[in-house]
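Thank you for making time for this at group meeting. I would like to walk through one structure with you slowly, so please keep the picture open while I talk.

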Amino acid sequence: MPRSGRGKFMPVIVVIGGQWGDEGKGRTIDLLAQNASIVARYSAGNNAGHTVVNDMGTFRLHLVPAGIFYGDKVCIMGNGVVVDPPVLLEEIQDLQSKGVSVKNLYVSDRCHIVMPYHILIDRADEELRGPAAIGTTFRGVGPAFVDKVGRIGIRMVDLINPDAFRERLSLVLPYKNAVLQKLYGLEPLDFDKVYEAYRDFGRRLAPFVADTAVMVQEALTRGETILLEGAQGSLLDLDSGTYEYVTSSVPSSTAAGAGLGIGIGPTQITRVVAVYKAYQTRVGNGPMPTELKGGVGDELREKGQEYGATTGRPRRCGWFDAVAARYTARLNGLSGAVITRLDVLDTFASVKVCTSYQVDGVPVDRFPASRGRLACCEPIFEELPGWQEPTTHVRRFEDLPRHAREYVKRLEQLIGVPVALVSVGPEREQAIIVKPIL
Ligand code: GDP
Ligand code: IMO
Ligand code: MG
């Protein structure tokens with residue numbers, strides 16, 4: 001176990017999504033942050049929507065880490081996050097207007113910026129894809145990561161320096177305007193308008209900008225507890241997910257991206273926890289073997305109010321997919337799992353879990369790489385008795401109804417890692433700590 005210079009144990013815990021996003025990462029981070037000193041987001045952009053419900057209200061965070069509600073925690077947006085400046089400024093203002101302090105918020109000087117042309121390109125790309133559209137959030141996040149990899153991005157360190165920004169935009173905008181006009185047939189963007197608006201955003205964001213990797217590294221040497229907040233889910237990851245129906249974050253949304261996206265080495269990460277819903281959801285297009293169209297799928301959506309925190313789109317719903325869960329547990333090297341939304345299943349007479357797939361009667365025991373093959377996979381379900389009792393008030397595992405305990409134990413067995421936390425409602429205290437994570 002890594003230790004600080006003074007020999008103190010220093011947990012660095014990564015919290016990721018084990019499915020297709022929206023598993024309840026925000027809710028989990030909000031709970032765990034009580035015992036951490038830093039909460040740092042390490043990937044993606046405002047395509048994410050992390051909901052936190054606490055005594056100050058209901059908040060949907062798109063960029064700001066979910067530890068922000070504790071005045072004494074340092075909240076960091078690491079270099080792996082792409083920042084849309086007006087969106088971040090609005091989120092900050094919204095938090096402040098609800099009495100939440102952002103004095104401990106820091107944004108990495110190495111973050112890439114989502115520019116207006118990224119948003120135009122996101123929409124235009126989706127139109128060009130036609131029936132093969134990914135179903136993106138239209139936030140420009142994919143195109144911003146494309147530019148990062150293509151070495152034509154603009155970073156926060158440039159944005160907050162008017163001269164550096166002018167120089168960089170002078171190089172980048174003519175290139176992007178040529179792409180907008182020649183490839184997509186769109187109007188070019190006016191240099192002065194973009195420059196002036198974004199220079200102003202840069203001026204307003206500058207007080208938050210820091211070399212955040214150094215802050216994390218110094219906290220490590222002091223032996224402090226650090227939570228690394230993932231976005232999206234492992235099945236939306238570029239390498240491990242259901243490509244091409246994935247998101248484009250570099251670094252990866254899996255645990256492997258955490259060190260890179262925050263500026264620490266992989267040996268410094270001590271624990272990886274994945275959040276899983278007690279059933280399955282997905283927003284956007286792409287294969288989803290356990291999807292239930294109509295009937296129980298609609299029931300899950302209405303009982304769970306499964307509508308996206310970012311776009312408000314209805315989420316596709318189905319029974320828990322243990323083949324996919326086992327796959328994401330393995331590829332993230334999980335130390336533990338969190339099961340959320342158990343309460344959404346409270347009224348069902350029976351619940352099902354997909355334990356394996358088959359194609360034309362032949363078992364498929366691994367999560368396939370091929371989108372086409374996954375789309376042909378038929379789920380094989382195991383049916384368990386429902387508990388038909390409310391669980392939202394339960395705070396100890398042994399107080400859950402017997403069939404609810406058996407359901408969680410069966411998920412634990414199928415995922416193959418210990419369940420550390422069970423969530424029975426969106427509020428901070430609606431949680432059952434099975435094994436301490438911090
Ligand atoms: P994230 O993107 O992983 O942070 O998840 P989202 O915030 O997009 O979606 C999770 C939704 O489930 C939010 O509306 C949460 O308030 C809600 N939620 C989280 N845990 C629970 C739970 O245990 N029960 C219920 N009923 N809702 C929950
Ligand atoms: P959180 O962090 C659920 C999905 C989109 C789409 C695909 C690509 O809240 O769990 P993008 O805009 O990223 O290029 O869209 O990825 N997607 C998410 N789905 N939760 C998210 O984030 C998501 N972020 C992206 O719906 O299918
Ligand atoms: Mg979400």
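Gly49 is a buried residue, and it counts as buried because its relative accessible area is 10%, which falls under the 20% cut-off for that word. Please bear in mind from the start that what we are looking at is a predicted model. Gly49 deserves attention because of its partner: the magnesium ion, ligand 3, is coordinated by an O atom of Gly49 and by an OD atom of Asp22, at 2.0 to 2.2 Å. Where in the chain do these two residues, Asp22 and Gly49, sit? Asp22 lies in the loop between strand 1, residues 12-17, and helix 1, residues 25-32, whereas Gly49 lies in the loop between strand 2, residues 38-41, and strand 3, residues 50-54, so that the pair links distant parts of the chain, 27 residues apart. Asp22 has a relative accessibility of 21%, and therefore counts as partly exposed.

Just after Asp22 comes helix 1, and here I would ask you to look at how it is covered. Eight of the eight residues of helix 1 are buried, and they are Lys25, Gly26, Arg27, Thr28, Ile29, Asp30, Leu31 and Leu32.

Let me step back to the whole chain for a moment. The chain contains 13 helices and 20 strands. Its radius of gyration is 22 Å, close to the 22 Å that the globule rule gives for 438 residues, and therefore the chain is as compact as a globular protein of that length. If you follow the C-alpha trace along its principal axes, the chain spans about 65 × 55 × 40 Å. How much of the chain counts as buried? The figure is 58% of the 438 residues. Among the contacts with a separation of 6 or more, 76% are between residues 24 or more positions apart. As for the outside, the chain exposes about 17,600 Å², and carbon and sulfur atoms supply 51% of that area. The chain carries 50 positive and 50 negative charges, and the mean positions of the two sets are 3 Å apart.

Now I would like to turn to Tyr279, which brings several parts of the chain together in one place. Tyr279 is in the loop between strand 11, residues 271-277, and strand 12, residues 280-282, and it counts as buried because its relative accessibility is 0%. Leaving aside neighbours within four places in sequence, the contacts of Tyr279 include Gln19, Leu300, Gly304, Trp319, Phe320, Arg341 and Val344. Tyr279 and Ala322 are 43 residues apart in sequence, and their C-alpha atoms are 9.6 Å apart in space.

Two of those contacts are worth following further. Gly304 belongs to helix 10, residues 295-304, and at a relative accessible area of 6% Gly304 is buried. Not counting residues up to four places away in sequence, Gly304 touches Tyr279, Arg341 and Val344. Between Gly304 and Asp239, which are 65 residues apart in sequence, the C-alpha distance is 30 Å.

Arg341, for its part, is found in the loop between strand 15, residues 336-340, and strand 16, residues 350-359. Arg341 counts as partly exposed because its relative accessibility is 23%. Its backbone also has something to show, since Arg341 is not a glycine and yet has a positive phi, near 60°.

Which other residue has a positive phi although it is not a glycine? That is Arg151, with a phi of about 65°, and Arg151 is placed in the loop between helix 4, residues 141-149, and helix 5, residues 156-159. With a relative accessible area of 73%, Arg151 is exposed.

While we are on the backbone, please find the loop between strand 10, residues 226-229, and helix 9, residues 256-262, where Glu244 is placed. The peptide bond from Tyr243 to Glu244 is cis, with omega near 5°. Pro251 is found in the loop between strand 10 and helix 9 as well, and the peptide bond from Val250 to Pro251 is cis, with omega near 15°.

I will finish with Met215, in helix 8, residues 212-221. Beyond its neighbours within four places in sequence, Met215 is in contact with Ile38, Val74, Ile76, Tyr106 and Ala210. Met215 and Gly263 are 48 residues apart along the chain, with their C-alpha atoms separated by 9.7 Å.

Key
Residues numbered from 1 in each chain as written. Chains lettered and ligands numbered in written order. Predicted model: local features only at pLDDT ≥ 70, side-chain atom pairs only at ≥ 80, totals over all residues. Heavy atoms only, no water. Donors = N, O, S within 2.8 Å, 3.2 Å for Na, K, Ca; no water. Helix = DSSP H or I, 4+ residues; strand = E, 2+ residues; numbered from the N terminus. Buried < 20%, exposed > 50% of the residue type's maximum accessible area, 1.4 Å probe, protein only. Rg over C-alpha atoms; globule rule 2.2 N^0.38 Å. Contact = heavy atoms within 4.5 Å. Areas by Shrake-Rupley, 256 points an atom, 1.4 Å probe, with all protein chains shown as cover. Lys, Arg positive; Asp, Glu negative; His and termini not counted. Charge placed at Lys NZ, Arg CZ, Asp CG, Glu CD.
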